[in-house]
Amino acid sequence: MVLFCTDLDQTLIYSYKHEIGDRKRCVEIYQGREVSYMTDATLRLLTELQKDACIVPVTTRTVEQYERITLGTGKIRYALVCNGGVLLKDGKKDPAWYQQSLELVKDARHTLAQAAAYLETEAGRTLDVRLIEGLFVFTKCRCPQDVVKRLKQKLRLPDVNIFCNGEKVYVVPKILNKGAAVARLREQVRADAVLAAGDSAFDLPMLTAADFAAAPAQCGWKGLPCHVQVMPGKKVFSEELLEAMQRYLLHIL
């Protein structure tokens, strides 16, 4: 079995705010509005890839947020949500996987509580502070980069990673990362190979853990492993990465 482990937002699907051309289809509706799209070419390429690889969405989205998405490729056998802390098998939460994830993050719970308490006092916060599935802390803030900087300076938290993605701020146990989750899944299903794609700091561990991976040139990452192919940006990233995955599969199959 070959796993294609892929981030979703800005990797396969794009916000309505992102220009991807007119040939696209809606993949997410929220509160009656179309909020995310996929290009027609992406769907075609993804459907072709599915013949040789098991598509595994790997996302920091919650279960509820993930379930809003319809990729159009039929049933998804495996999905890793909540940054890999929750495994969905045929759309249903795997309780054993989740319990193992809770066990993995138990040493970081005090740190998460500290971070949450600090964020509660943050004047620029625009959303309530949430402990997602007991696994990591999430909120939204004005000037999120400044909030992240203050968190790192004041709390000096050695066992968590602190990120911002747009206005979103995350405090995530270092052990709860996409690379570790993909490695767990690879072992569980005894996959022969893992392909991966992503566009953010959350995705770097997953790209590193894969046998072959794709990342967009605009990230500007330096020192990537040689198996991570940087896409030139001549097309929409989702289309470029899927074409690269097809070429790689032709090479190994």
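# Aromatic pairs and burial in a predicted model

F163 and F202 are both buried, where buried means under 20% relative accessible area, exposed means over 50%, and partly exposed covers the range in between, with a 1.4 Å probe and protein chains only. The model is a predicted one, in which local features need pLDDT of at least 70 and side-chain atom pairs count only at pLDDT 80 or more, while totals for chains, interfaces and linings use all residues. Residues are numbered from 1 along each chain as its sequence is written, and side-chain values use heavy atoms, with hydrogens and water left out.

## Aromatic rings and charges

A search of the whole structure returns 5 aromatic pairs, a pair being two rings of Phe, Tyr or Trp (its six-membered ring) with centres within 6.5 Å, called stacked if the planes are under 30 degrees apart, edge-to-face if over 60 and tilted otherwise. The ring centres of F163 and F202 are 4.4 Å apart and the planes stand at 40 degrees, so this pair is tilted. F163 belongs to strand β11 (residues 160–165), whereas F202 sits in the loop between β13 (193–197) and α7 (204–209), and the pair thereby links distant parts of the chain, 39 residues apart. Helices and strands here are DSSP runs numbered from the N terminus (helices H or I with at least four residues, strands E with at least two).

The rings of F212 and Y248, by contrast, have planes at 5 degrees and centres 4.5 Å apart, so this pair is stacked. Because F212 lies in strand β14 (residues 212–216) and Y248 in helix α8 (residues 237–252), the pair ties together parts that are 36 residues apart in sequence. Beyond single pairs, a cluster is formed through ring pairs by F136, F138, F163, Y170 and F202.

Two rings also have a charged group over them, which requires NZ of Lys or CZ of Arg within 6 Å of the ring centre and within 35 degrees of the ring normal. The charged end of R68 is placed over the ring of Y30, at 4.1 Å from its centre, and K93 lies over the face of Y98, 4.0 Å from the ring centre.

## Helix α8

Helix α8, which holds Y248, has 16 residues and spans 23 Å from its first C-alpha to its last, close to the 22 Å expected at 1.5 Å a residue (the expected span being 1.5 Å times one less than the number of residues). Its buried residues are F237, S238, E239, E240, L241, L242, A244, M245 and L249.

## Selected residues

The table gives the relative accessibility of five residues taken up in this report.

| Residue | Relative accessibility | Class |
|---|---|---|
| C82 | 0% | buried |
| I55 | 3% | buried |
| F212 | 9% | buried |
| T73 | 12% | buried |
| R190 | 73% | exposed |

I55 is part of strand β5 (residues 54–57). Apart from residues up to four places away in sequence, I55 touches F4, L46, Q50, I76 and Y78, contact being heavy atoms within 4.5 Å. Of these partners, I76 is 21 residues from I55 in sequence, with the two C-alpha atoms 6.9 Å apart.

T73 is located in the loop between α2 (63–66) and β6. With neighbours within four places in sequence left aside, T73 is in contact with L43, L46, T47 and Q50. The C-alpha atoms of T73 and V35, which are 38 residues apart along the chain, are separated by 19 Å.

Which backbone angle of C82 is positive although the residue is not a glycine? It is phi of C82, at about 55 degrees, and C82 lies in the loop between β6 (78–81) and β7 (86–89). R190 likewise has a positive phi, near 55 degrees, in a residue other than glycine, and is placed in the loop between α6 (178–189) and β13.

## The whole protein

The secondary structure comprises 8 helices and 15 strands. The radius of gyration of the protein is 18 Å, close to the 18 Å that the globule rule gives for 253 residues, so the protein is as compact as a globular protein of that length; the radius is taken over C-alpha atoms, and the rule is 2.2 Å times the number of residues to the power 0.38. Along the principal axes, the C-alpha atoms fill a box of roughly 50 × 40 × 40 Å.

Buried residues account for 51% of the 253 residues. The accessible surface comes to about 12400 Å², of which 48% belongs to carbon and sulfur atoms (areas by the Shrake-Rupley method with a 1.4 Å probe, where for residues only the protein chains shown count as cover). Among contacts between residues at least 6 apart in sequence, 53% join residues at least 24 apart.
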